[in-house]
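Work through the exercises below with the structure open beside you, and try each task before you read its solution.

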Amino acid sequence: REMVQAHGGDVTVCDDPSSYPNSSKFTKTIVAEKAQKLASLDGLAVGRTCVDLGAGRRVAGEDVDPAAGVVFAIQVGDAVQPGGAIATVHTNRSQKTLDEACDKLLASCGWVGADEAVDVKPVISHKVTSKDGVVDFVIPSCLSSA
């Protein structure tokens, strides 16, 4: 909410995402086939898949579809039960694009057994500033899950 506001966005969308006017023609929720825990996620593969869905550009000037993308229901370290949601995928391109994206997203996930421990590392550990050099990164309250 704080980040949307800081960028001049409509914060009411944070309170009620369904109020966002754009919706995609093709949507699928990826569900777990067995009990497992997400141990790793290939961010580059996820990013490239989002571009395939229309949520990013391959070349400058290419249109970006604001309704396309991936919403993960879990994060690294989370367990999911059979039938539990892993992610919901959105595109306006085609059913084939949607199905291929779901396969790529599943392939980008590293899984362990639901009871196994996962060493969850911070996404960002340090920042570089012109004034202070390299300093520890403190997660802003708007991004903290605590």
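**Exercise 1.** In this predicted model, find the open sheet of three strands and determine the order of its strands.

*Solution.* Reading across the open sheet, the order is β4-β2-β6, and the pairing is antiparallel. Next, look at the edges, which are β4 (79-80) and β6 (109-113), since each of these strands pairs on one side only. Then turn to strand β2 (residues 36-41), which runs antiparallel to β6 and is joined to β6 by five bridges. As a last step, locate Ser 40, which stands opposite Gly 110 in β6.

**Exercise 2.** Find which residues form salt bridges with Asp 52, and state whether Asp 52 is buried, partly exposed or exposed.

*Solution.* Begin with Arg 58, which forms a salt bridge with Asp 52 in which the closest N and O atoms are 2.8 Å apart. Lys 104 also forms a salt bridge with Asp 52, and here the closest N and O atoms are 2.7 Å apart. This pair links distant parts of the chain, for Lys 104 lies in helix α4 (residues 95-107) and Asp 52 in helix α3 (residues 43-53), 52 residues apart. Finally, Asp 52 has a relative accessible area of 22%, so Asp 52 is partly exposed, because the buried class requires a value under 20%.

**Exercise 3.** Examine the salt bridge between Asp 119 and Lys 121, and decide whether Asp 119 is buried or exposed.

*Solution.* The closest N and O atoms of Asp 119 and Lys 121 are 2.5 Å apart. Asp 119 has a relative accessible area of 58%, and therefore counts as exposed, because the exposed class begins over 50%.

Notes:
Residues numbered from 1 in each chain as written. Predicted model: local features only at pLDDT ≥ 70, side-chain atom pairs only at ≥ 80, totals over all residues. Heavy atoms only, no water. Pairing = 2+ DSSP bridges. Helix = DSSP H or I, 4+ residues; strand = E, 2+ residues; numbered from the N terminus. Salt bridge = Lys/Arg side-chain N within 4 Å of Asp/Glu carboxyl O. Buried < 20%, exposed > 50% of the residue type's maximum accessible area, 1.4 Å probe, protein only.
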